[in-house]
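Q: Could you take me through a close look at a single part of this model, and then at a place where helices meet?

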Amino acid sequence: MESLGPHRKTSWEKLAGFTTGKKFFDEAEPELCIKFLLVPSLNNFTGIRAKLENCSNSWMGEFIELGGLNCLLKVMKRLGGRDQMRFSGAVEQLECIGSLKAVLNSPTGLSAMVQNKQLTRGLAEGMTEFVF
């Protein structure tokens, strides 16, 4: 394939040839991480959780601004409504909660949660869906 000159690959173009995992998410943009949250899987949650635990404040701010925290809450609620008799389903729930915890452990994430009543309500509603 002939090079078309300098071209910055988009997140979706970077995805071609990669498998999801921690190393992939280390370089992923917030927008791409949010898209992967919409496809719940253990690999996605594990990689995104690790990214959220180690990202910069500006990356976290962009993640939240693009709806990442809201998306996490919706996914958490959806996972809680599933039949969790499968071991893998329970582990997905734990990884999703771990991702949410990583956001709330950051000053940016905690501030966003405290300042937005809808997010706080979403957290409360999502937690009631889980079967412990």
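A: Happy to! Let's begin with one contact: a polar atom of the Asn44 side chain lies 3.3 Å from the backbone oxygen of Phe36. The Asn44 side chain also reaches the backbone oxygen of Val39, at 2.7 Å. Here a polar contact is a pair of N or O atoms within 3.5 Å, where within protein one must be able to donate a hydrogen and the other to accept it, and residues adjacent in sequence count only if both atoms are side-chain atoms.

A word on the basis: this is a predicted model, with local features needing pLDDT of at least 70, side-chain atom pairs counting only at pLDDT 80 or more, and totals for chains, interfaces and linings using all residues. Residues are numbered from 1 along each chain as its sequence is written, and side-chain values use heavy atoms, leaving out hydrogens and water.

Asn44 is found in helix 4 (helices are DSSP runs of H or I, at least four residues, numbered from the N terminus). Asn44 has a relative accessible area of 4%, so it is buried (under 20% relative accessible area, with a 1.4 Å probe and protein chains only). The other buried residues of helix 4 include Phe45, Ile48 and Leu52.

Now for the helix pair. The axes of helix 5 (residues 57–65) and helix 8 (residues 107–115) come within 8 Å and cross at roughly 30°; axes are lines fitted to C-alpha atoms over the stretch in contact, with angles from 0 to 180 degrees between N-to-C directions. The two helices are therefore roughly parallel, the term for angles under 35 degrees.

How values were computed: Buried means under 20% relative accessible area, exposed over 50%, partly exposed in between (1.4 Å probe, protein chains only). Angles under 35 degrees count as roughly parallel, over 145 as roughly antiparallel, 65 to 115 as roughly perpendicular and the rest as oblique.
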